[in-house]
Amino acid sequence: MSTHPDALLKVDSVHKFYGDHHVLRGVSLEVQEQTVSCLLGPSGSGKSTLLRCINHLETLDAGRITMGGETIAYEARDGLMHERPRRAVDRQRQDIGMVFQHFNLFPHFTVLENITLAPNLLKRHSKAKSRQLAESLLEKVGLADKRDAYPSSLSGGQKQRVAIARALAMEPRVMLFDEPTSALDPELVGEVLKVMKDLAAGGMTMIVVTHEMAFAREVADVVVVMDSGVILESGTPDGVFTDPEHERTRDFLRHVR
């Protein structure tokens with residue numbers, strides 16, 4: 001794989017095991033700033049695990065991941081890689097927003113409180129600054145009128161939009177989306193994808209695991225196809241969807257179109 005010194009995020013020969021199961025098999029990937037990378041592939045191909053490794057929700061068994069030239073979660077000492085102290089990892093995570101399949105909102109907090117909690121605690125923002133930012137983000141995701149609502153009163157699509165606003169409140173350099181529409185009823189998918197399209201248009205760097213092929217084709221700068229823990233191929237949406245290199249890619253696309 002060619003390397004670019006200006007890549008914001010670099011995944012270099014990453015391996016991950018769960019017991020005897022080799023989930024990631026030497027994955028390498030580069031993400032340029034202000035681009036959208038969509039990860040496609042069958043269930044179990046390692047897409048979500050890769051996202052979790054980027055955000056250090058999973059440890060690495062080999063390889064390294066860097067952002068802005070800094071190794072995420074590990075540092076070299078005495079010729080070996082050692083996990084950074086938790087506080088240092090938490091600081092790095094502030095630059096990496098993540099939106100999961102399920103919304104993980106605190107049910108006993110209002111929408112506004114869910115969004116302002118992390119900036120208050122981790123970034124030491126004043127309550128006024130956090131509130132102002134949260135209200136601005138709620139406007140952006142079309143939920144300004146839900147600031148005082150509790151999650152139980154929201155639809156799935158609304159909860160996911162709040163989850164996106166909550167991640168954005170930390171002002172990350174990159175946003176990771178792990179199949180953000182897979183838990184939604186079909187009629188609610190569009191409202192979440194619209195927010196994501198708006199983020200992409202605004203220049204947010206995004207890595208998206210998705211089965212929404214139309215979204216990937218329309219929004220992605222780079223489409224990455226994974227299977228059995230390896231990257232089969234990557235390229236422009238037009239290249240991958242119109243003229244894929246691998247028969248396994250062609251087979252996958254035939255089943256999801």
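At 43% relative accessibility, Glu247 comes out as partly exposed, a label that covers the range between buried (under 20% relative accessible area) and exposed (over 50%), worked out with a 1.4 Å probe on protein chains only. The model is a predicted one, so to speak of local features takes pLDDT of at least 70 and side-chain atom pairs count only at pLDDT 80 or more, while totals for chains, interfaces and linings use all residues. Residues are numbered from 1 along each chain as its sequence is written, and side-chain values use heavy atoms, with hydrogens and water left out.

Glu247 has a salt-bridge partner in Arg254, with 3.0 Å from N to O; a salt bridge here is a side-chain nitrogen of Lys or Arg within 4 Å of a carboxyl oxygen of Asp or Glu. Arg254 itself is exposed, at a relative accessible area of 52%. The two don't stand by themselves: Asp227, Glu247, Arg248, Arg250, Asp251 and Arg254 are tied into a network of salt bridges. In total, the structure has 17 salt bridges by this rule.

Another of these bridges pairs Arg93 with Asp90, whose closest N and O atoms are 3.2 Å apart. Both sit in helix α2 (residues 86-93), 3 residues apart, which means about one helical turn separates them. Helices (H or I, at least four residues) and strands (E, at least two) are DSSP runs, numbered from the N terminus. Arg93 is partly exposed at 27% relative accessible area, and Asp90 is partly exposed too, at 28%. Then there is Asp148 with Arg147, where the closest N and O atoms are 3.0 Å apart; Arg147 is partly exposed at 23%.

Arg93 turns up again at the largest pocket, being among the residues nearest its centre, along with Ala118, Leu122, Arg166 and Met170. On a 1 Å grid over the protein atoms alone, a pocket is an open set of points with protein on both sides within 12 Å along at least five of seven lines, a cavity is a set where a 1.4 Å probe fits but cannot get out, and lining residues have an atom within 4 Å of a point. Points are joined across faces, edges and corners, and a volume is the space filled by probe spheres set on them. The largest pocket has a volume of about 690 Å³ and a lining of 21 residues. Its lining splits into 12 nonpolar, 5 polar and 4 charged, where Ala, Val, Leu, Ile, Met, Phe, Trp, Tyr, Cys and Pro count as nonpolar, Asp, Glu, Lys and Arg as charged, and the others, Gly among them, as polar. At least two lining residues each come from α2, β8 (96-99), α3 (111-122) and α5 (156-168), and α3 gives the most, with 5.

As for enclosed space, there is 1 cavity of 30 Å³ or more, and the largest cavity holds about 30 Å³. Lys140, Val195, Asp198 and Leu199 line the largest cavity, 2 of the lining residues being nonpolar and 2 charged, with no polar ones. Helix α6 (residues 186-201) gives the most to this lining, with 3 residues.

On the strand side, an open sheet of 4 strands runs in the order β2-β1-β4-β5 with antiparallel pairing. Its edge strands, β2 (21-31) and β5 (70-71), each pair on one side only. Strands count as paired if DSSP finds at least two bridges between them; β4 (residues 62-67) and β5 are joined by 2, running antiparallel. One bridge matches Met67 with Glu70 in β5.
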